[in-house]
Amino acid sequence: MNSKILPFIFTCLFLGLFTHGIAQIQNDEVYEYPNLNAQDYRYNIRIPDIGGYKTLKCDFHVHTVFSDGKVWPDQRVKEAWNEGLDVIAITDHIEVRPNKEILISDHNKSYEIAKAQGDAIGMVVIKGAEITRQKPLGHLNALFIQDANKLDLPDPLEAIDEALKQGGFILWNHPGWPDDKSTVYPIHEELIAKKKIHGVELFNGWEAYPKVIDWCKEYNLAPIANSDIHYTSANLYRGKLARPMTLVFAAEYSEEGVKEALFAGRTLALYNHTLSGAEELLKSLIEASISTRVINEKNGTIEIINNSDISYEVKCGGYMYARPLYPQHVLRVKIDKGSDVEFLNCLYGKDKNVTLKLW
Ligand code: ZN
């Protein structure tokens with residue numbers, strides 16, 4: 001054995017014991033409270049897989065200090081993991097960069113830092129950028145791009161073309177912001193007709209745009225719910241499933257899997273325990289989330305069992321009001337066999353909710 005190797009091994013062992021010992025110390029001078037340290041825990045959000053696809057919980061609109069966010073990129077990955085998400089996209093503004101004097105002027109840097117963290121904890125991180133212009137065009141996220149620096153162009157339509165050349169998915173952000181009007185302008189009609197917009201935010205931050213559900217059907221766009229997060233998640237959203245997310249039904253948990261599902265439009269927007277998107281996907285998800293047990297065939301007493309973490313609003317039988325079917329709860333109701341049960345929080349159009357027969 002090489003004479004230098006043994007001392008090296010002993011040094012490693014010593015350092016290993018030493019650092020391990022530091023972490024475990026418990027004596028009269030230091031008391032540790034590991035129960036207060038939540039960084040290695042995450043919400044286990046139970047939303048079932050459907051149609052042979054994995055249901056992935058995603059946020060495709062995330063900012064860091066490299067644009068006008070307040071958080072370092074690797075922390076974005078950690079907090080999303082804590083909250084039970086499976087995928088995030090880093091989408092710093094191309095045009096809005098208040099910290100560019102003190103941070104490196106490279107539009108790819110925030111993704112690179114976040115991606116390294118994603119790799120370390122087994123989480124998919126997607127490279128994106130936000131093309132940020134005034135209405136009528138508004139803001140658009142380019143996802144799955146290769147080089148964000150090439151999107152730094154004076155003409156936003158050229159930036160979109162560059163993103164498309166790189167294989168990008170173009171997401172139309174917050175169509176109802178900042179003027180509280182959700183409008184499809186001629187520029188959007190043109191881009192959609194040329195297949196240059198593929199998805200649209202139905203929900204952003206804390207606000208929904210109800211007309212967008214109908215646009216998704218009319219223009220064949222994927223419905224998306226994002227946080228557009230600028231501050232820490234912990235001071236914006238409280239508790240399990242509070243942060244908005246897009247459910248993506250993917251053949252596999254990988255960047256390629258997410259990309260294929262997005263271009264195929266297999267998504268639902270989930271925010272405030274409201275699901276929005278295509279009727280068939282909503283029905284599949286409800287059917288996979290709940291089961292029923294018939295208690296009394298004669299008087300129609302049944303139990304509806306919710307095995308998911310989504311709280312459903314059900315209206316059935318002679319009840320005038322909807323009742324919450326809480327996560328992991330059983331609701332006993334009386335409904336006639338073959339009668340309709342409405343799911344008021346599952347929307348496939350503006351003011352159109354899913355109806356199912358449960359027995
Ligand atoms: Zn944004």
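1. Strands here are DSSP runs of E with at least two residues, numbered from the N terminus. On that basis Asn-226 falls in strand β8, which covers residues 222–226. The model is a predicted one.

2. Asn-226 has a relative accessible area of 0%. Buried means under 20% relative accessible area, so Asn-226 counts as buried.

3. What does the side chain of Asn-226 pair with? A polar contact of 2.8 Å joins the side chain of Asn-226 to the side chain of Glu-201.

4. Glu-201 also appears in the list of residues in contact with Asn-226, once neighbours within four places in sequence are set aside. That list further holds Asp-59, Phe-60 and His-61, then Leu-171, then Phe-203, Asn-204 and Gly-205, and finally Pro-244 and Thr-246.

5. For the protein as a whole, the count is 8 helices and 18 strands. The C-alpha trace spans about 85 × 60 × 40 Å along its principal axes.

6. Of the 359 residues in the protein, 49% are buried; Asn-226 is itself buried. Taking contacts between residues at least 6 apart in sequence, 63% join residues at least 24 apart.

7. The exposed area of the protein is about 18100 Å², with 53% of it supplied by carbon and sulfur atoms.

8. On charge, the protein carries 48 negative side chains and 39 positive ones. The centres of these two sets lie 5 Å apart.

Key: Residues are numbered from 1 along each chain as its sequence is written. This is a predicted model: local features need pLDDT of at least 70, side-chain atom pairs count only at pLDDT 80 or more; totals for chains, interfaces and linings use all residues. Side-chain values use heavy atoms; hydrogens and water are left out. Helices (H or I, at least four residues) and strands (E, at least two) are DSSP runs, numbered from the N terminus. Buried means under 20% relative accessible area, exposed over 50%, partly exposed in between (1.4 Å probe, protein chains only). A polar contact is a pair of N or O atoms within 3.5 Å; within protein, one must be able to donate a hydrogen and the other to accept it, and residues adjacent in sequence count only if both atoms are side-chain atoms. Contact means heavy atoms within 4.5 Å. Accessible areas come from the Shrake-Rupley method with a 1.4 Å probe; for residues, only the protein chains shown count as cover. Lys and Arg count as positive and Asp and Glu as negative; His and the chain ends are not counted. The place of a charge is taken as NZ of Lys, CZ of Arg, CG of Asp or CD of Glu.
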